[in-house]
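Subject: Handing over the structure

Hi,

Here is the structure I promised to pass on to you. Please have a look at it alongside my notes.

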Amino acid sequence: MPLSAAVAMAATTVLVAGAAAAPVDVDPVDVASAPGAAAPAPAPAPRADLAHHGHVSLWGDHIAIRIRSENRGPSDVTASTVRLRFSAPLAASQELPYGCLRGGKAAVLCETGGLRSAGGARQTALDLTLAGRPDEVVVRLDTVWSGGARDTDRTNDVHEVLAPATGDAYAF
């Protein structure tokens, strides 16, 4: 018997008071598509305001990035991920901090962990080696995962920084 027919039959079965109902293994997608069944409304996504600030320094073939990630609320964020993209490729061999991984030839993804609303900030420090010795590098930073929370103010978690190879710290 097709699953949708089993769902329709189960919906018409009358339970006797005090009788235990047998568990039915039903795919929720098929239940929602059963005739006359209304799909439950999705819960609204929690709102949060993730913010990333810090600085970038470039000298020779080394680039250092310091990031301070925080959540200005109103909801807590269970986990989030920040992405850093570089205008120059990274060296093939990199030692990345715990919670970070390569996202391509010129990108790194780092998890920031849970961020409480109006709670403390998380620090991420990256010391990377570039494939060459560019005169400057553009670093693009943005949030790619916010634990399912909706961020209505993206102005403080999306940045683009030009870092000349002077060794100076350029803030974002």
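Below is what I found, starting with how the model should be read.

This is a predicted model, in which local features need pLDDT of at least 70 and side-chain atom pairs count only at pLDDT 80 or more, while totals for chains, interfaces and linings use all residues. Residues are numbered from 1 along each chain as its sequence is written, and side-chain values use heavy atoms, with hydrogens and water left out.

**Confidence**

The protein chain has an average pLDDT of 83 (pLDDT is the predictor's confidence in each residue, from 0 to 100). A score of at least 70 is reached by 77% of the residues. Please be aware of residues 1–32, where pLDDT stays under 50. For that stretch the model has 13 contacts beyond four places in sequence, a contact meaning heavy atoms within 4.5 Å.

**The four-stranded sheet**

One open sheet has 4 strands in the order β7-β3-β2-β11, and the pairing is antiparallel. Strands here are DSSP runs of E with at least two residues, numbered from the N terminus, and two of them pair if DSSP finds at least two bridges between them. The edges are taken by β7 (122–129) and β11 (169–171); each has a single partner strand, so one side of each is left without a neighbour in the sheet. From one strand to the next, the twist averages 15 degrees (axes are lines fitted to C-alpha atoms, and angles run from 0 to 180 degrees between N-to-C directions).

Strand β3 (residues 62–71) pairs with β7 over 8 bridges, in the antiparallel sense. Within that pairing, S69 stands opposite R122 of β7, and I63 faces L128 of β7. Strand β2 (residues 50–59) is joined to β3 by 10 bridges, again antiparallel. W59 has H62 in β3 as its bridge partner. The two strands β2 and β3 make a hairpin with 2 residues between them, and G60 in the turn has a positive phi of about 55 degrees.

How enclosed is β3 by the rest of the structure? Largely so, because 7 of its 10 residues are buried. Here buried means under 20% relative accessible area, exposed means over 50%, and partly exposed lies in between (1.4 Å probe, protein chains only).

**Salt bridges**

I counted a salt bridge wherever a side-chain nitrogen of Lys or Arg lies within 4 Å of a carboxyl oxygen of Asp or Glu. By this rule there are 6 salt bridges. Three of them are worth pointing out:

- E70 and R72 meet through their side chains at 3.5 Å, N to O. E70 counts as buried at 16% relative accessibility, whereas R72 is partly exposed at 44%.
- D142 pairs with R85, with the closest N and O atoms 4.0 Å apart. This pair links distant parts of the chain, D142 being in strand β8 (residues 136–145) and R85 in strand β4 (residues 81–86), 57 residues apart. D142 is buried with a relative accessible area of 9%, while R85 is partly exposed with 33%.
- R140 pairs with E160, with the closest N and O atoms 3.2 Å apart. R140 belongs to β8 and E160 to strand β10 (residues 158–164), so this pair ties together parts that are 20 residues apart in sequence. R140 is partly exposed at 30% relative accessibility, and E160 is exposed at 57%.

Shared partners also join R83, R85 and D142 into one salt-bridge network.

**V139 in strand β8**

V139 is found in β8 as well, and it is buried at 2% relative accessibility. Its C-alpha lies 4.8 Å from that of F86, although V139 and F86 are 53 residues apart in sequence. Leaving out residues up to four places away in sequence, V139 touches V56, I63, L84, R85, F86, H159, E160 and V161.

**The disulfide**

With a disulfide taken as a pair of cysteine sulfur atoms within 2.5 Å, the count is 1. C100 and C110 are the two partners, with an S to S distance of 2.0 Å. The torsion about their S-S bond is about 115 degrees, so the disulfide is right-handed. C100 lies in strand β5 (residues 100–102) and C110 in strand β6 (residues 107–111), so the bond ties together parts that are 10 residues apart in sequence. Both C100 and C110 are buried.

Best wishes
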